[in-house]
Amino acid sequence: MSGVGPKAALSILSSASPEALALAVINDDETALTIAPGVGKKLAQRIMLELKDKISKDMPSLKATGYVPPSDHAGQQGSTLRDASAALAVLGYTQGEISAALRSIDVASMSVEEIIREVLSA
């Protein structure tokens with residue numbers, strides 16, 4: 001996505017969960033994005049414009065109900081991977097890119113933020 005670098009992306013994801021970000025984009029809630037440091041009204045509008053169709057297509061359960069079902073993975077690591085995958089999808093990564101990126105790093109003891117930071121820096 002043009003104009004949104006790793007610093008802005010990490011700022012947004014540190015201020016809201018991936019699900020909350022996706023819900024804000026679908027509901028045109030730019031104030032939910034401008035809460036993040038360094039994200040102004042124009043950047044928030046650009047993010048929403050570029051991601052709205054993608055999120056609506058990739059996450060139909062979120063669009064229909066505002067609810068993302070819990071992960072089928074067991075344990076904390078599954079939850080961490082699910083959250084990191086959702087965040088990367090919201091940032092525009094395809095499922096293939098996400099899978100390849102997650103396979104290339106050791107995610108066993110990493111937080112969601114560390115995983116995202118590692119993928120963005122690769």
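Leaving aside its neighbours within four places in sequence, which residues is L33 in contact with? In this predicted model, L33 is in contact with I12, L21, V39, A44, I47 and M48.

**Overall make-up**

The secondary structure of the protein chain consists of 8 helices and 0 strands. Along the sequence, the pattern therefore reads α-α-α-α-α-α-α-α, with each helix numbered from the N terminus. The chain has 122 residues, and 39% of them count as buried. Its accessible surface is about 6,900 Å², and carbon and sulfur atoms account for 54% of that. Contacts between residues at least 6 apart in sequence can be sorted by separation: 64% of them join residues at least 24 apart.

**The nonpolar core**

L33 also appears in the largest nonpolar core, which has 34 residues. L33 is one of the residues with the most contacts inside this core, together with I12, L21, I47, I55, I115 and I116. At least two core residues come from each of α1 (6–15), α2 (18–26), α4 (41–58), α6, α7 (95–103) and α8. The largest share, 6 residues, is supplied by α4.

Helix α8 spans residues 112–121, and its buried residues are V112, I115, I116 and V119. These four lie on the same side of α8, because they cover an arc of only 95° around the axis.

**A buried aspartate**

D83 belongs to helix α6, which runs over residues 75–90. Is D83 buried or exposed? The relative accessible area of D83 is 18%, so D83 is buried, the cut-off being under 20%. Beyond its neighbours within four places in sequence, D83 is in contact with P18, E19 and V112. V112 is also one of the buried residues of α8.

**The salt bridge**

How many salt bridges does a search of the whole structure find? The search finds 1. It is formed by the side chains of D28 and K52, with an N to O distance of 2.9 Å. D28 is in the loop between α2 and α3 (30–34), while K52 is in helix α4, so the pair ties together parts that are 24 residues apart in sequence. Side chains of opposite charge can pair when their charged atoms come close.

The table lists the accessibility of D28, K52 and D83.

| Residue | Relative accessibility | Class |
|---|---|---|
| D28 | 46% | partly exposed |
| K52 | 26% | partly exposed |
| D83 | 18% | buried |

Both partners of the salt bridge thus count as partly exposed.

Conventions: Residues are numbered from 1 along each chain as its sequence is written. This is a predicted model: local features need pLDDT of at least 70, side-chain atom pairs count only at pLDDT 80 or more; totals for chains, interfaces and linings use all residues. Side-chain values use heavy atoms; hydrogens and water are left out. Buried means under 20% relative accessible area, exposed over 50%, partly exposed in between (1.4 Å probe, protein chains only). The arc is that of the directions from the helix axis to the C-beta atoms. Contact means heavy atoms within 4.5 Å. A nonpolar core is a set of buried Ala, Val, Leu, Ile, Met, Phe, Trp, Tyr and Cys residues joined through side-chain atoms within 4.5 Å. Accessible areas come from the Shrake-Rupley method with a 1.4 Å probe; for residues, only the protein chains shown count as cover. A salt bridge is a side-chain nitrogen of Lys or Arg within 4 Å of a carboxyl oxygen of Asp or Glu.
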